[in-house]
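Q: I'm new to this structure and would like a close look at just one part of it, the sheet. Could you walk me through how its strands are put together, and then show me what sits around the ligand?

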Amino acid sequence: TAIEETLVLIKPDGVARNLTGEILRRIEAKGYSLVDLRMLQADRDLLAAHYAEHEGKPFYEPLVEFMQSGPVVAVRVAGNRVIEGFRVLAGTTDPTTAAPGTIRGDFGRDWGLKVQQNLVHGSDSVESAERELALWFA
Ligand code: DAT
Ligand code: MG
């Protein structure tokens, strides 16, 4: 086994649509542990650091604006291979085509949806997880 920790964010659309409990339920149902959790209004500096790899891409500004549109829930999640495993639970980036059974596939809406409104974030590597957890749980 490889016990890892990952950063999960429930984005403003997930919080606003009352999906926080459902998303946490799916994480726990998979057997992962909630280690720490906070709800906060993210500021621009935090989001710029979090999304540094995407700076300059066409979706960067709308993404950072959207992430400031309401509170987010940040969760430190632990489990065996949880970094990859949570991304499987989340589904692919674009909810329009995310597989049924995934968070984005089941709750993403295919009308008037922007790709950034995809309910959750999950770290994509051990290095990203360490970097992101340090930012959100400083
Ligand atoms: P993921 O969240 O699946 O790791 P990512 O790291 O490539 O995806 O991108 C970060 C976020 O940016 C993603 O959750 C939604 C948004 N995004 C990515 N690609 C996009 C695109 N082509 N158009 C609009 N938004 C996009
Ligand atoms: Mg990513």
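A: Here's a walk through the sheet, strand by strand, followed by a look at the ligand's surroundings.

First, keep in mind that this is a predicted model. The chain averages a pLDDT of 96, and 98% of the residues score at least 70. Strand β3, residues 72–80, has the highest mean pLDDT among the elements of the chain, at 99, while helix α6, residues 103–107, has the lowest, at 96. As for the overall scores, ipTM is 0.97 and pTM is 0.97.

Now to the sheet. Picture 4 strands in an open sheet, lined up as β2-β3-β1-β4, with antiparallel pairing. The edges belong to β2 (33–40) and β4 (120–122); each has a single partner strand, so one side of each is left without a neighbour in the sheet. If you look along the sheet, you'll find neighbouring strands turned by 20° against each other on average, direction ignored.

Let's go across, starting from the β2 edge. β2 and β3 run antiparallel and are paired over 7 bridges. To find your place there, look for M39, which stands opposite V73 in β3. Step over to the next pair, and β3 meets β1 over 8 bridges, again in the antiparallel sense. A handy landmark here is L9, which sits opposite A74 of β3. Finally, β1 (residues 3–10) is joined to β4 by 3 bridges, and these two run antiparallel as well. In this pairing, V8 faces G122 of β4. As you trace any of this, it helps to know that in a regular strand the side chains alternate between the two faces of the sheet.

On to the ligand. Around ligand 1 you'll find H54, F59, L63, T93, V115, Q116, N118, H121 and D124. Sorted by class, that shell has 3 nonpolar, 5 polar and 1 charged residues. H121 is part of this shell, and its number falls within edge strand β4 (120–122), which ties the ligand's surroundings back to the sheet.

F59 deserves a pause. You'll find F59 in the loop between α3 (44–50) and α4 (60–67). Is F59 buried or exposed? The answer lies in between: F59 counts as partly exposed, because 13 other C-beta atoms lie within 10 Å, and the exposed class stops at 12 or fewer while buried needs 20 or more.

One last thing comes from a record: the unreviewed UniProt entry has a "binding site" annotation covering K11, F59, R87, T93, R104 and N118. F59, T93 and N118 are also among the residues around ligand 1.

Technical notes. Residues numbered from 1 in each chain as written. Chains lettered and ligands numbered in written order. Predicted model: local features only at pLDDT ≥ 70, side-chain atom pairs only at ≥ 80, totals over all residues. pLDDT = per-residue confidence, 0-100. Near = placed C-beta within 6 Å. Nonpolar A, V, L, I, M, F, W, Y, C, P; charged D, E, K, R; others polar. Pairing = 2+ DSSP bridges. Axes fitted to C-alpha atoms, helices over the stretch in contact; angles between N-to-C directions. UniProt positions renumbered as here; feature names shortened; annotations may be inferred.
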